[in-house]
Amino acid sequence: MDLTLAHARARDAADPLASHRDRFVHADDRIYLDGNSLGRLPRATVPAIADVVERQWGAGLIGSWPRWLEDARETADLLGRVVLGVEPGQVHVGDSTTVSLYRLAVAAVRMRPGRTRILVEADAFPTDLYVLDGVARDQGLEVTRIPAPIDDGVRAEHLAPLLDESVALVCLTHVHYRSGALLDLAGLTSMAHEVGALTLWDLCHSAGSVEVPLAASGADLAVGCTYKHLNAGPGAPAFSYVRADLLPEVRSPIQGWFSQADQFAMAPDYDPVAGIDRIAAGTPDVRGIAAVREGVRTIEAAGLPAVRAKGAALGDWTIALADAWLAPLGFRVASPRDAAMRGSHVVLEHPEAWRACQAWIDAGVVPDFRTPDRLRIGLAALTTSFEDVWVGLDRLRAIVAEGRHLAYPTERGRVT
């Protein structure tokens, strides 16, 4: 492969998604390789939120509520269609990923009475582990953590020995946060279904970056955030998915008035509404939903298959440069090399990754760090160019080759 800057620029010139960069705010000349933590701001989001605040709230006041409730439903269905490939009425937008995960996990184990175990990958994102441990404690169950290599994630051979008819729920991450490993959602879901267990998928790092075969696989439940590849901004509401045929069975442990059948009857007893709104709780985040809508529209405009194709190509380009330039400096690619088994971020492992990360940021490149000793390179297809990757990795090569990172302290700060 040609590894020159000229080649990177030629690929950018031929990139069908290159013009989509202009849809986002670029406030300075930093190279941003952290879109898998927080996506860039879509330009359309600024006037959309301003309209909610100034016109719909400022002028419309309470009269805007019918519009806001309609927007919430339409945004959820838009996300379902564009990002998840599912029919309307199966996606809810609201609350945080943590709250959404808790709600669906409790609902799931209650739908499998008499079963005693929850399975979750041992290296799941910590919130998933904390939530499921709490659910198991409160529901009188136990959690079995699935051991699997961090770099590759859970595969069939790791899950199979732990599956039996005692398992109520299998909770897995579609794209692993620490390595970028892409799991076989359809295959692992099928394995869980063979023993009668339900599946709950964490889609935080896959939504908006790869195709998510929820419908084709028959996956039961899923949650995900909207502020990474969906570009909805910090604190934007999460989404939940419930397969349509399960909706009559699902009962949320958070019984709020926005899931009440006749909300304004103000009845003292709870009677959940039919449909996806039965997992709602309280008042929707109207400004946040406006941001989700504009973020999803950026994916819709490009087309998810094109986004996936470019993300995979950027990953291959990153790995090729890392092999040539950074492997001689002690870096190791800690992500699957096969693009079909990788999401849209690439991880590099190095014993001085923390210090290299701080030096890299000071050199105008923004990645992020994850233990143990890993640099995550987020490759947001709509905003990252091949030249960005080339220049960014060239700067990292110079930093480490010259030992500039060794001037930084070894203490690790708090990362999110």
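Q: Two strands pair if DSSP finds at least two bridges between them. Which residue in β4 stands opposite Arg 117?
A: This is a predicted model: local features need pLDDT of at least 70, side-chain atom pairs count only at pLDDT 80 or more, and totals for chains, interfaces and linings use all residues. Residues are numbered from 1 along each chain as its sequence is written, and side-chain values use heavy atoms, leaving out hydrogens and water. Strands (E, at least two residues) and helices (H or I, at least four) are DSSP runs, numbered from the N terminus. Opposite Arg 117, in β4, stands Glu 142.

Q: How many bridges join β3 to β4?
A: β3 covers residues 117-121 and runs parallel to β4. The bridges joining the two strands number five.

Q: Which are the edge strands of the sheet?
A: Seven strands form an open, mixed sheet, ordered β2-β8-β7-β6-β5-β3-β4. An edge strand pairs on one side only. Two strands do so: β2 and β4 (142-146).

Q: At about what angle does α7 run to β6?
A: Helix α7 (185-194) lies across β5 (167-173) and β6 (198-202). Angles (0 to 180 degrees) compare N-to-C directions of axes fitted to C-alpha atoms, for helices over the stretch in contact; contact means heavy atoms within 4.5 Å. For α7 and β6 the angle is about 150 degrees.

Q: Which element gives the most residues to the lining of the second largest pocket?
A: A pocket is an open set of 1 Å grid points where a 1.4 Å probe fits, with protein on both sides within 12 Å along at least five of seven lines; lining residues have an atom within 4 Å of a point. Here 25 residues line the pocket, with Ala 72 and His 92 among the closest to its centre. α3 (65-84) and β2 (91-93) each give two or more. The top contributor, with five residues, is α3.
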